[in-house]
Amino acid sequence: MKKDGFWSRAFHLYYDGFRSMTLGKTLWAIILIKLFVIFVVLKVFFFPNFLKQHADNDEPSFVATELIERAQ
């Protein structure tokens with residue numbers, strides 16, 4: 001009897017489980033599509049680059065003045 005290590009047994013457990021899935025492949029596809037929507041589509045449309053719109057030429061002075069004004 002061959003004695004495998006923990007990582008080898010864990011890998012084979014997941015590999016065999018994913019290989020024999022039928023409904024699971026569809027669920028993984030849905031999960032990946034949802035992650036794409038969350039991280040790409042929402043970022044582009046709902047979280048614009050605020051500093052790019054308000055700072056001129058990537059100067060750090062914009063950030064410094066905003067921090068100073070808000071601290072007062």
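# Chatting through a four-helix chain

Author: Let me start with a contact: in this predicted model, Arg19 and Asp16 join their side chains in a salt bridge, at 2.8 Å from N to O.

Reader: Nice opener! Where do Arg19 and Asp16 lie?

Author: Both Arg19 and Asp16 belong to helix α1, and they are three residues apart, about one turn of the helix.

Reader: And is Arg19 buried or exposed?

Author: Arg19 counts as exposed, because its relative accessibility is 53% and the exposed class begins over 50%. Its partner Asp16 is partly exposed, with a relative accessible area of 35%.

Reader: How many salt bridges does the count come to?

Author: The count comes to two salt bridges. Besides the Arg19 and Asp16 pair, the side chains of Glu66 and Arg70 meet at 3.6 Å, N to O.

Reader: Which helix holds Glu66 and Arg70?

Author: That would be helix α4, residues 61-71. Glu66 and Arg70 are four residues apart there, about one turn of the helix. Glu66 is partly exposed at 25% relative accessible area, while Arg70 is exposed at 66%.

Reader: Staying with charge for a second, how many positive and negative side chains does the chain have?

Author: The chain has 9 positive and 7 negative side chains. The centres of those two sets lie 23 Å apart.

Reader: OK, let's zoom out. What does the secondary structure come to?

Author: Four helices and zero strands. Following the sequence, the pattern reads α-α-α-α.

Reader: What about the radius of gyration of the chain?

Author: The chain has a radius of gyration of 24 Å, whereas a compact globule of 72 residues would be near 11 Å. Along its principal axes, the C-alpha trace spans about 70 × 30 × 25 Å.

Reader: How much of the chain counts as buried?

Author: Of the 72 residues, 6% count as buried. The accessible surface comes to about 7200 Å², and 68% of that belongs to carbon and sulfur atoms.

Reader: Switching to aromatics. How many aromatic pairs are there?

Author: The count is four aromatic pairs. One of them is Tyr14 with Phe18: the ring centres are 6.4 Å apart and the planes sit at 25 degrees, so the pair is stacked.

Reader: Why does that angle make the pair stacked?

Author: Planes under 30 degrees apart count as stacked, and the planes of Tyr14 and Phe18 are at 25 degrees, so they fall in that class.

Reader: Makes sense. Where do Tyr14 and Phe18 lie?

Author: Tyr14 and Phe18 both lie in helix α1, four residues apart, about one turn of the helix. Tyr14 counts as exposed at 53% relative accessibility, and Phe18 is partly exposed at 37%.

Reader: What's up with Phe18 and Trp28?

Author: Those two rings have their centres 5.8 Å apart and their planes at 65 degrees, so the pair is edge-to-face. Phe18 lies in helix α1 and Trp28 in helix α2, so this pair ties together parts that are 10 residues apart in sequence.

Reader: And how accessible is Trp28?

Author: Trp28 counts as partly exposed, at 41% relative accessibility. Ring pairs link Trp28 with Phe18 and Tyr14 into a cluster.

Reader: So what lies between α1 and α2?

Author: A loop, with Met21 in it. Helix α1 covers 6-19 and helix α2 covers 23-46.

Reader: Is Met21 buried or partly exposed?

Author: Met21 counts as partly exposed, because its relative accessibility is 22% and buried means under 20%.

Reader: How far apart are Met21 and Phe39?

Author: In sequence they are 18 residues apart, and in space Met21 and Phe39 are 27 Å apart, C-alpha to C-alpha.

Reader: One last residue: where is Leu32?

Author: Leu32 has its place in helix α2. With a relative accessible area of 53%, Leu32 is exposed.

Reader: And how far apart are Leu32 and Asn57 in space?

Author: Leu32 and Asn57 are 37 Å apart in space, C-alpha to C-alpha, with 25 residues as their separation in sequence.

Conventions
Residues numbered from 1 in each chain as written. Predicted model: local features only at pLDDT ≥ 70, side-chain atom pairs only at ≥ 80, totals over all residues. Heavy atoms only, no water. Helix = DSSP H or I, 4+ residues; strand = E, 2+ residues; numbered from the N terminus. Rg over C-alpha atoms; globule rule 2.2 N^0.38 Å. Buried < 20%, exposed > 50% of the residue type's maximum accessible area, 1.4 Å probe, protein only. Areas by Shrake-Rupley, 256 points an atom, 1.4 Å probe, with all protein chains shown as cover. Lys, Arg positive; Asp, Glu negative; His and termini not counted. Charge placed at Lys NZ, Arg CZ, Asp CG, Glu CD. Phe/Tyr/Trp six-rings, centres within 6.5 Å; stacked < 30°, edge-to-face > 60°. Salt bridge = Lys/Arg side-chain N within 4 Å of Asp/Glu carboxyl O.
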